[in-house]
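This report looks at a strand, a helix and the cysteines of one model. Please keep the sequence and the structure in view while reading.

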Amino acid sequence: MGLTTHRRLLTKCLQRLVLKKAYVTALTGSQELRRDALLDRVERAQPEILALIAPAGFGKSTLARQLIIGKPAAVCDVAGILDDLDLARRLVPALAQENPSRTQLLTQRELMLGDGGTSVAERVNLALEAWKDQAAQSFFVFENAEHIARNPKAREFFARLLTHRPAGRTVVICSRENLRVHLTRFAAPHEILTLRADDLAFDSADLASLFPEAASGRTNLERILQLSQGWPIAVFLLKRFENEGRMDHLLESLDDIAFDELHDYLADQVLASLEAGLVKGLFACACITRATTADLQAALGDEKAVRALAEFARESPFLARNAQGEFELHPMLASLLLEHREEHRNELLARTAAEFENKRKYQRAAELHLARGDSGAAASALGRHEVIRDHAPSMQYARVLSSLD
């Protein structure tokens, strides 16, 4: 894919994208804005079910992450969910994350979920039974839950999970849409807390902490609030332009722009600064979900491009890097980058898998082969993995194995 095509696709992506995750380390100059008022509200409410329902860019994931810091918790990403079995297979590894002491037992459950000799209903029930077995206080976050709402089988299984939610587990739902499920079926009204866009939007106090110089003059702060309407992703992008010394010019040029056009304008401004290596790196992140540094080095063969991605993840809300060092590209951005580019995606995945096979990293190679839909190549690579050296099969190994016939 040529650089011109990359840039055209990325421009289209960013213009259509209202970015979701508000990772703002470099935007604020230190650390992300902690949502203390919202966290206090959740603490006072002590909900059994917390629903964060708002369009992309309102910091649902950020609030959920701040809520679970230092607590027993798990995050189950259900983006692109296919059906109830797919949800069940994503649920089991997350349960191991919630309670690591259950990992060995849950690994066996994961292997059983891949047993084609049993019915789908029986395999889904295995995950449900694992879900029921929980005693300690914990948080369980369902990310991108709007995908559950769009799939009847997944939605039905999700309702069963809520029905059988064990005491002590708080369910946190992050969704861009209403779930088409009445939460009062699963908890009393006073045990449910729903926060929507109006609740998640920044207020004047939040803006004052982000723009201390503007707060002293008030005029620019009021203008920022008027333009952004408290929409966190727009606020953070404006903060970036302030750091670059472009705020006054930007505010002047935004006089006649409508709010629903704001993200298009800001995206154009950000896109103008991207270099060729960074564009290629973003495409690699779109191809490889939760790419590690090793993944990107194998995919790009360019340490400079990998360093540029790491720097970009520190400076921009467009790309984040989690505690495990994995790069997280916004899923909508990823899907748009990959639109009509399946051949290029498969080529990159195959090349990266081959690099891992050359390094005898056969399990990772098998995962990448599976990602491009080549079960034969995945089975061949996994068959070369010396699992006998492991004390017990890992959850990752079990997931790959259970995905094969």
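Which residue in β4 is the bridge partner of Leu-52? The model is a predicted one, and in it the partner is Cys-174.

**Strand β1**

Leu-52 belongs to β1, where 5 of the 5 residues (49-53) are buried, so the strand is largely enclosed by the rest of the structure. In a regular strand, side chains alternate between the two faces of the sheet. In β1, Ile-49, Ala-51 and Ile-53 point one way, while Leu-50 and Leu-52 point the other way. Two parallel neighbours are listed below.

| Strand joined to β1 | Bridges | Direction | Residue paired with Leu-52 |
|---|---|---|---|
| β4 | 5 bridges | parallel | Cys-174 |
| β5 (residues 192-195) | 4 bridges | parallel | Leu-195 |

**Cysteines**

The partner Cys-174 is buried, with a relative accessible area of 1%. Across the whole structure, a search finds 0 disulfides. Cys-285 is in no disulfide, and the nearest cysteine sulfur, that of Cys-287, lies 9.2 Å away. Cys-285 is also buried, at 5% relative accessibility.

**Helix α9**

Helix α9 covers residues 152-163, and its 12 residues reach 16 Å from first C-alpha to last, close to the 16 Å expected. At its N-terminal end, Asn-151 acts as a cap, with a side-chain oxygen 3.2 Å from the backbone nitrogen of Lys-153. The buried residues of α9 are Ala-154, Phe-157, Phe-158, Ala-159, Leu-161 and Leu-162. They pack against α5, α7, β3, α8 and β4. Strand β4 is thus a shared element: β4 is joined to β1 by bridges, and the buried residues of α9 pack against β4.

Technical notes:
Residues are numbered from 1 along each chain as its sequence is written. This is a predicted model: local features need pLDDT of at least 70, side-chain atom pairs count only at pLDDT 80 or more; totals for chains, interfaces and linings use all residues. Side-chain values use heavy atoms; hydrogens and water are left out. Helices (H or I, at least four residues) and strands (E, at least two) are DSSP runs, numbered from the N terminus. The expected span of a helix is 1.5 Å times one less than its number of residues. Buried means under 20% relative accessible area, exposed over 50%, partly exposed in between (1.4 Å probe, protein chains only). Contact means heavy atoms within 4.5 Å. A polar contact is a pair of N or O atoms within 3.5 Å; within protein, one must be able to donate a hydrogen and the other to accept it, and residues adjacent in sequence count only if both atoms are side-chain atoms. A disulfide is a pair of cysteine sulfur atoms within 2.5 Å. Two strands pair if DSSP finds at least two bridges between them.
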